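Open the model in your viewer and keep the selection tool at hand. The tour goes from one residue to a sheet, then to a helix and a pocket.

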Amino acid sequence: MKLNIETSRHTELIDITSEVKEEVRISGVQEGVCIISTRHTTAGIIVNENESGLREDILNLLDRLVPPGAGYRHDIIDNNAGSHLKAVLLGSSEALPVIQGQLELGTWQSIFFAEMDGPRHRTVNLTILKIE
């Protein structure tokens, strides 16, 4: 299964929780694992709280850890080394349990697509495995 995402900013966190939950519901899997992944090397998948201040804090932290114009070698090719490095820090996937037909998330947990080099058209892959 795939989710198509249109990002609107260079860096942003897009909450995809409801879409992932709906795909789990449609799958009919009662007990299993949902793997959420992206094949884009300048994007990531993370789980965290969906609070506006925290979302901004996460993006600000990434900017401090990977400052623009720091002499990255890849910038010679297409000037987006920072986006790749931020994606490395975030990771490209999350695996979450499916219990009694529901995605198992903590009270404050949401699933985010993390855009680091937008705006772009992006794809998120969902793999839902049934455990017998």
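Is Glu-12 buried or exposed? The model is a predicted one, and in it Glu-12 has a relative accessibility of 5%. Buried means under 20%, so Glu-12 counts as buried.

**Stop 1: Glu-12**

Select Glu-12 and show its side chain. The residue sits in strand β2, which covers residues 12–15. Next, add Ser-8 and Arg-9 to the selection. A polar atom of the Glu-12 side chain lies 2.8 Å from the backbone nitrogen of Arg-9. The side chain of Glu-12 also reaches the backbone nitrogen of Ser-8, at 2.5 Å.

Now look for partners further along the chain. With neighbours within four places in sequence left aside, Glu-12 is in contact with Thr-7, Leu-59, Phe-113, Ala-114 and Glu-115. For a distance to check in the viewer, pick the C-alpha atoms of Glu-12 and Ala-43: they are 9.7 Å apart, with these positions 31 residues apart along the chain.

**Stop 2: the sheet**

Switch to a cartoon view and colour the strands. Five of them make an open sheet in the order β1-β8-β3-β5-β6, with antiparallel pairing. Which strands stand at its edges? They are β1 (2–6) and β6; each has a single partner strand, so one side of each is left without a neighbour in the sheet.

Select β3 (residues 31–38) together with β5 (residues 93–99). These two strands are antiparallel and pair over 7 bridges. Two of the pairs can be picked out by residue: Ser-37 is bridged to Ser-93 in β5, and Ile-36 has Glu-94 of β5 as its partner.

Follow β5 to its other partner, strand β6 (residues 102–103). The two run antiparallel and are joined by 2 bridges. Val-98 is the residue opposite Leu-103 of β6. Between β5 and β6 there are 2 residues, and the strands form a hairpin. Stop at Gln-100 in the turn, where phi is positive, about 50°.

**Stop 3: helix α4**

Select residues 81–90, which make up helix α4. Which of its residues are buried? They are Ala-81, Gly-82, Ser-83, Lys-86, Ala-87 and Leu-90. Show what surrounds them: the cover includes β4 (43–49), α2 (52–65), α3 (75–78) and β7 (109–115). Then step just past the helix to Gly-91, which has a positive phi of about 90°.

**Stop 4: the largest pocket**

Stay with α4, since the last stop touches this helix too. The largest pocket holds about 210 Å³ of space. Its lining has 15 residues, and those closest to the centre are His-10, Pro-68, Asn-79, Gly-82 and Ser-83. Select these five residues to find the place. Which element gives the most to the lining? Helix α4 does, with 4 residues. Coloured by class, the lining shows 6 nonpolar, 6 polar and 3 charged residues.

Conventions:
Residues numbered from 1 in each chain as written. Predicted model: local features only at pLDDT ≥ 70, side-chain atom pairs only at ≥ 80, totals over all residues. Heavy atoms only, no water. 1 Å grid on protein atoms, 1.4 Å probe; cavity = no way out; pocket = protein on both sides within 12 Å on 5 of 7 lines; lining within 4 Å. Points joined across faces, edges and corners; volume = space filled by probe spheres on them. Nonpolar A, V, L, I, M, F, W, Y, C, P; charged D, E, K, R; others polar. Pairing = 2+ DSSP bridges. Buried < 20%, exposed > 50% of the residue type's maximum accessible area, 1.4 Å probe, protein only. Polar contact = N/O pair within 3.5 Å; in protein donor to acceptor, adjacent residues only side chain to side chain. Contact = heavy atoms within 4.5 Å.
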